[in-house]
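This report works through a two-chain model, beginning with a local strand arrangement and widening to cores, domains and the contact between the chains. Please keep the sequence and the coordinates at hand while reading.

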Amino acid sequence: MMKAGSNVSRARRRRKETLTGLLFVAPALVGFLVFYLLPTLRAIQISLTDWNLMRAPKFVGFANYTKLLGDENFWHSAWVTFAYVLYNIPIQTALGLLLAVLSDRLARAVSLRAVIIAPYLISNVVAALVWLMMLDPILGLVNGFLEIVGIGRQGFLASPDQAMVSVAAISTWRHTGLTALLFYAGLQAIPRHLYEAARLEGAGEWTMFHRITLPLLRPVLAFVLVTSLIGSFQVFDVIAVATAGGPSNSTRVILWYIYENAFKFNKMGYASAISVVLFVTLILVTLLQMRLLKADQSDLT
Amino acid sequence: MSFLTIDNVIKQFGNLQVVKGVSIEAEKGEFIVFVGPSGCGKSTLLRMIAGLEETSEGTISIDGEDLTHADPADRHVAMVFQSYALFPHMSVYDNIAFGMQINKVPKAEIKARVLEAARILQIEALLERKPRQLSGGQRQRVAIGRAIVRKPKIFLFDEPLSNLDAELRTQMRVEIAKLHQEIGATMIYVTHDQVEAMTLADRIVVLRGGLVEQVGSPAELYDRPANLFVAGFIGSPRMTFLPGRIEAAGDAEIRVSSSAFARPQTIPGPFAHLPDVNSTVTLGLRPESFRIDATDPVLTATVEITEHLGGSTIVHARTSDGNSLVMATSGRAELCPGDALPLACIGAPHVFDAQGLSLAATRR
């Protein structure tokens with residue numbers, strides 16, 4: 001009798017604990033369900049239909065996906081996006097790392113870090129607008145300067161050859177500060193004594209950087225690469241403000257193509273199918289990155 | 001010129017002077033310990049020798065070469081840090097080999113030297129492990145191994161045992177002493193633990209407030225402390241201090257009275273300087289310089305606490321004039337709190353003048 005009684009009370013207590021636990025995660029859980037899981041499932045559902053927002057959606061199976069494979073515009077947008085990532089990520093990461101290491105080793109002033117992070121405090125739209133004016137072929141400050149130094153005026157955002165690079169440069173300008181700050185925080189976790197020990201052994205700055213700093217920064221590097229890569233694949237606002245996918249589709253990235261299909265051509269099913277493909281691609285890329293960088297292991301614990 | 005000569009060095013951090021003019025000489029193969037309370041400048045001094053801190057004034061030379069402003073790498077010193085400073089992402093082997101790898105020493109020689117160091121320190125079985133897979137004592141050995149393979153002119157130890165538990169600390173202390181015997185290298189060792197200083201050092205440098213209080217062998221510091229600070233800092237349990245007054249002073253002997261004493265005591269010379277008659281002094285007595293004497297006691301104290309260590313007993317007592325007194329006695333004293341403790345002195349007490357300077361020491 002006693003035993004059965006204590007079992008009942010234990011089960012009751014456990015149920016109470018589970019309930020408390022659920023209450024704690026409820027806000028995050030509700031957010032995840034309503035804003036992430038539900039839209040994702042809905043997008044998968046819509047991607048299997050033909051739907052123009054006027055008539056009721058019509059189930060078409062995998063027709064949208066098969067159409068995707070032969071859609072030259074889709075492949076072009078995928079290529080343009082890839083080029084953007086290729087311009088953006090290496091430079092942004094290397095520059096951020098350089099700034100972080102320099103400010104860590106040379107000048108650890110708060111004011112300097114404030115200047116470095118400043119561009120990140122501006123929204124993408126404002127940054128794009130500012131640079132749109134600065135890079136204007138006729139009235140822009142940059143072209144005025146280039147003419148003075150004798151290089152001559154450039155098309156920048158108005159040139160099909162330079163538009164994508166220009167957009168990448170704007171993004172790099174805006175995000176490098178954040179990357180630098182993340183690396184800087186990571187550098188603070190590396191004990192100073194390691195550098196002193198290395199200096200006594202005769203290590204120079206470069207040796208210390210690639211033998212000590214870089215390996216110990218790996219978890220931060222993984223975080224920076226994963227988040228900035230996902231962000232780059234989803235570039236939209238700078239393009240929407242600065243180029244609107246042009247000139248001659250040279251900056252029509254995947255997200256811009258999805259937007260066009262959904263809200264200009266009213267092809268919700270097709271737009272959803274592209275979204276799902278992008279979603280799956282990003283998951284695969286992220287998993288691969290985490291695996292390659294052993295993101296879950298830190299030597300500093 | 002000595003092997004290591006530190007001449008009147010000063011370390012200034014902004015307006016703060018941490019090392020205020022220190023001169024120390026060390027011979028080749030000597031084991032020197034810097035000891036002092038925290039903030040005395042001992043670690044800063046060590047880091048100045050290593051070149052990790054810039055020397056503001058004065059000179060440091062090693063083996064006849066002025067290295068005051070030389071790069072740390074050019075000083076041929078190796079340092080063992082309190083935190084060990086092992087590279088967490090490298091194996092024990094790579095940690096020890098690091099310096100040789102970056103200096104492009106041939107692979108075969110690296111291997112031979114790492115294995116030799118590993119043999120001396122008995123860490124051969126750990127070479128493939130990462131530092132986080134090692135215990136505190138093992139990490140300490142790896143850190144020492146990294147120093148050994150460099151064949152440095154001087155080994156610098158910055159409180160290397162502070163992060164270890166008491167038992168391991170004692171064990172590693174013995175091993176560092178053995179290591180010094182085995183390789184005969186010059187070692188400078190920083191600690192705040194006077195027991196480490198006493199057991200390891202050939203010579204101890206006692207520092208306080210950025211200045212040298214006294215330099216000498218452990219026995220010298222124990223038997224002839226130059227001032228009250230050294231007298232109180234060296235020796236465990238601490239020296240007992242009692243107030244005194246000079247009754248008569250001559251070159252051959254002086255007579256001091258104390259409110260704790262039943263009668264004045266005679267202290268034989270020679271003295272480096274003599275105090276004025278009637279001036280107040282401080283009398284210092286080591287724990288083992290008391291013995292229980294019920295027939296003709298010099299002073300009587302009241303027992304407060306007894307600590308039985310098995311082979312010996314430490315008695316904490318209070319004198320009739322209210323000063324605390326510590327006595328150590330071999331064997332087991334059957335004393336209870338409140339018991340009267342009639343004591344006589346073995347040998348003469350140390351006498352310190354009003355400035356805290358021992359009468360046996362020359363005035364600064």
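How many residues lie between β11(B) and β12(B) in the hairpin that they form? The model is a predicted one, and in it 3 residues stand between β11(B) and β12(B) in this hairpin.

**The strands β11 to β13 of chain B**

Strand β11 of chain B covers residues 240-249 and runs antiparallel to β12(B), to which it is joined by 4 bridges. Strand β12 of chain B, residues 253-257, also pairs with β13(B), again in the antiparallel sense and over 4 bridges. Individual bridge partners can be followed through this arrangement, and the table sets out three of them.

| Residue | Partner | Strand of the partner |
|---|---|---|
| B:I246 | B:V256 | β12(B) |
| B:I254 | B:I267 | β13(B) |
| B:R255 | B:T266 | β13(B) |

In a regular strand the side chains alternate between the two faces of the sheet. In β12(B), B:I254 and B:V256 form the covered face, whereas B:E253, B:R255 and B:S257 form the uncovered one. Strand β13 of chain B, residues 265-268, has B:Q265 and B:I267 on its covered face and B:T266 and B:P268 on its uncovered face. Reading the bridges together with the faces, B:I254, which is on the covered face of β12(B), has as its bridge partner B:I267, which is on the covered face of β13(B). In a corresponding way, B:R255, on the uncovered face of β12(B), is partnered by B:T266, which belongs to the uncovered face of β13(B).

**Chain B as a whole**

Chain B contains 8 helices and 20 strands, and its C-alpha atoms fill a box of roughly 75 × 45 × 35 Å along the principal axes. Of the 364 residues in chain B, 40% are buried. Among the contacts in chain B between residues at least 6 apart in sequence, 65% join residues that are at least 24 apart.

One of the residues with a distant sequence partner is B:L4, which lies in strand β1 (residues 4-13) of chain B. B:L4 counts as buried because it has 23 C-beta neighbours inside 10 Å, where the cut-off is 20 or more. Apart from neighbours within four places in sequence, B:L4 is in contact with B:E25, B:A26, B:I62, B:I154 and B:T186. For B:T186, the separation from B:L4 is 182 residues in sequence but 9.0 Å in space, taken from C-alpha to C-alpha.

**Nonpolar cores**

The largest nonpolar core has 120 residues, and B:V33 and B:L156 are those with the most contacts inside it. Helix α2(B) gives the most to this core, with 6 residues. Outside its neighbours within four places in sequence, B:V33 is in contact with B:Y189, B:T191, B:A197, B:L200, B:A201, B:I204 and B:V205. A second, separate core of 32 residues includes A:I46, A:F74, A:A168 and A:A242.

**Domains**

Chain B is divided into domain 1 (4-232) and domain 2 (238-352), and the centres of these two domains, taken over C-alpha atoms, are separated by 38 Å. In the contact between them, 5 residues of domain 1 of chain B meet 6 residues of domain 2 of chain B. The side belonging to domain 1 of chain B divides into 3 nonpolar, 2 polar and no charged residues. For chain A, the domain assignment gives domain 1 (2-34) and domain 2 (65-293), with C-alpha centres that lie 44 Å apart.

**Where the chains meet**

The contact between the chains takes 17 residues from chain B and 16 residues from chain A. On the side of chain B that touches chain A, the elements giving two or more residues are β6 (77-80) and α2 (92-102) of chain B. By class, this side of chain B has 13 nonpolar, 4 polar and no charged residues.

Helix α8 (residues 192-200) of chain A has A:L194, A:A197, A:A198, A:R199 and A:L200 as its buried residues. Their cover includes α9 (205-216) of chain A, together with α1 (42-50) and β6 of chain B. After α8(A) comes A:G202, whose phi is positive, near 95°.

**Confidence**

The model scores ipTM 0.84 and pTM 0.81. Chain B averages a pLDDT of 92, and 99% of the residues score at least 70. Among the elements of chain B, helix α5 (residues 166-183) has the lowest mean pLDDT, 90, while strand β3 (residues 31-35) has the highest, 96.

How values were computed: Residues are numbered from 1 along each chain as its sequence is written. Chains are lettered from A and ligands numbered from 1 in the order in which they are written. This is a predicted model: local features need pLDDT of at least 70, side-chain atom pairs count only at pLDDT 80 or more; totals for chains, interfaces and linings use all residues. Two residues are in contact if their C-beta atoms, placed from the backbone, lie within 7 Å. Ala, Val, Leu, Ile, Met, Phe, Trp, Tyr, Cys and Pro count as nonpolar, Asp, Glu, Lys and Arg as charged, and the others, Gly among them, as polar. pLDDT is the predictor's confidence in each residue, from 0 to 100. Domain bounds come from an automatic or database domain assignment. A residue is buried if 20 or more other C-beta atoms lie within 10 Å of its own, exposed if 12 or fewer, and partly exposed in between; C-beta atoms are placed from the backbone. A nonpolar core is a set of buried Ala, Val, Leu, Ile, Met, Phe, Trp, Tyr and Cys residues joined through C-beta atoms within 7 Å. Two strands pair if DSSP finds at least two bridges between them.
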